[in-house]
Amino acid sequence: MESAAVGALWGCGHDAGQVIFGLIFLLLKDRLHIEVIRTWGTRVVGLTLLVIGAMGIREASEVPTPCVALENGECDVGVYEALENPTLGKKKIGFATFATGIVHGLQPDALMMVLPALALPSRLAGAAFLIMFLVGTVVAMGSYTVFIGSCSQALKDRIPRITEKLTWASSIVAIALGLAIIISQFFGYSLY
């Protein structure tokens, strides 16, 4: 359930960003310089990926190495890993997850997903399309995080500290992608 909440919250933030950008686009479409917005929006997305990656590395680095104290005062990690790992503390989800979704939803490229609503024959049909698109985004993000969370939970028995290892790997990927997005801007092309 926690995984579904994280994904749904991110999806709601993404939807909010798309709605905000869509409204701004509709209200100011004659005055907007879409290329400038696209360039800066892409840079902001790259920067948020760098921040998310750095926060993930910090989080993974702060996980203490669990162990069982032996009589001679030493620590035996192997004995602890043979036991079932207790939960070391739940991470709070909240505004940061929602705000990250908003930032990613503010991308002008995200607007391409809602353009079909403009081609529908009536405003009611367009509104129905947009509502279903927004609901679908929340359901898809929630389902995806449930899938990832379920897989990592199932792997905990086979691979000790899988969550920490996945956090490290995904953080490194986020940083690499963020750098690639930012660097690509200086060479005049977009990665997406």
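Leucine 106 sits in the loop that links helix H4 (95–105) to helix H5 (116–119), and that loop is a handy place to start a tour of this predicted model. At 31% relative accessibility, leucine 106 counts as partly exposed, because that class lies between the 20% and 50% cut-offs. Leu106 also belongs to a nonpolar surface patch. From here, the notes below move from the whole chain to its helices and then to single residues.

**The chain as a whole**

- The chain contains seven helices and two strands.
- Along the sequence, these elements come in the order α-α-β-β-α-α-α-α-α.
- Of the 192 residues in the chain, 26% are buried.
- The chain exposes about 12700 Å², and 70% of that area comes from carbon and sulfur atoms.
- If you count contacts between residues at least 6 apart in sequence, 74% of them join residues at least 24 apart.

**The nonpolar surface patch**

- Leu106 is joined in this patch by Val19, Ile20, Leu23, Ile24, Leu27 and Leu28.
- Together, the patch residues have about 590 Å² of accessible area.

**What the record annotates**

- The unreviewed UniProt entry carries the annotation "transmembrane region" for residues 6–28, 40–57, 124–147 and 168–189.
- In the model, residues 40–57 are 100% helix and 0% strand, with 26 Å between the end C-alpha atoms.
- Residues 124–147 are likewise 100% helix and 0% strand, and the end C-alpha atoms of this span lie 34 Å apart.

**Helix H6**

- Helix H6 covers residues 123–155.
- Its 33 residues should span 48 Å at 1.5 Å a residue, and the end C-alpha atoms are indeed 48 Å apart, so the two values agree.
- Gly126, Thr137, Val138, Gly142, Gly149 and Ser152 are the buried residues of H6.
- Serine 143 is also part of H6, but with a relative accessible area of 44% it is partly exposed.
- The C-alpha atom of serine 143 lies 7.3 Å from that of glycine 7, although 136 residues separate the two along the chain.

**Helix H7**

- Helix H7 runs over residues 162–186, which makes 25 residues.
- From its first C-alpha to its last, H7 reaches 37 Å, close to the 36 Å expected at 1.5 Å a residue.
- The buried residues in H7 include Ile162, Glu164, Thr167, Ser171 and Ala174, and further along Gly178, Ile181, Ile182, Ser184 and Gln185 are buried too.
- An α-helix has 3.6 residues a turn, so residues three or four places apart point the same way.
- After H7 comes glycine 188, which has a positive phi near 80 degrees.

**Two H7 residues and their contacts**

- Threonine 167, in H7, has 16% relative accessibility and therefore counts as buried, the cut-off being under 20%.
- Leaving aside residues up to four places away in sequence, threonine 167 touches Gly56, Glu59 and Ala60.
- Isoleucine 182, also in H7, counts as buried because its relative accessibility is 17%.
- With the same sequence neighbours set aside (up to four places), isoleucine 182 touches Arg43, Gly46, Leu47 and Leu50.
- The C-alpha atoms of isoleucine 182 and glycine 46 are separated by 5.6 Å, with these positions 136 residues apart along the chain.
- Tryptophan 40 lies 9.9 Å from isoleucine 182, C-alpha to C-alpha, and the pair is 142 residues apart in sequence.
- Tryptophan 40 belongs to helix H2 (residues 34–61), and at 53% relative accessibility it counts as exposed.

**Salt bridges**

- The chain has two salt bridges, taking a cut-off of 4 Å between side-chain nitrogen and carboxyl oxygen.
- Glutamate 62 pairs with arginine 58, and their closest N and O atoms are 3.2 Å apart; both of these residues are exposed.
- Glutamate 164 pairs with arginine 161 at 2.2 Å, N to O; here both partners are buried.

Note on methods: Residues are numbered from 1 along each chain as its sequence is written. Side-chain values use heavy atoms; hydrogens and water are left out. Helices (H or I, at least four residues) and strands (E, at least two) are DSSP runs, numbered from the N terminus. The expected span of a helix is 1.5 Å times one less than its number of residues. Buried means under 20% relative accessible area, exposed over 50%, partly exposed in between (1.4 Å probe, protein chains only). Patches are made of residues with over 30% relative accessible area and no salt bridge: like charges are joined within 9 Å, nonpolar side chains (Val, Leu, Ile, Met, Phe, Trp, Tyr) within 5 Å. Accessible areas come from the Shrake-Rupley method with a 1.4 Å probe; for residues, only the protein chains shown count as cover. UniProt positions are given in the numbering used here, feature names are shortened, and annotations may be inferred rather than shown by experiment. Contact means heavy atoms within 4.5 Å.
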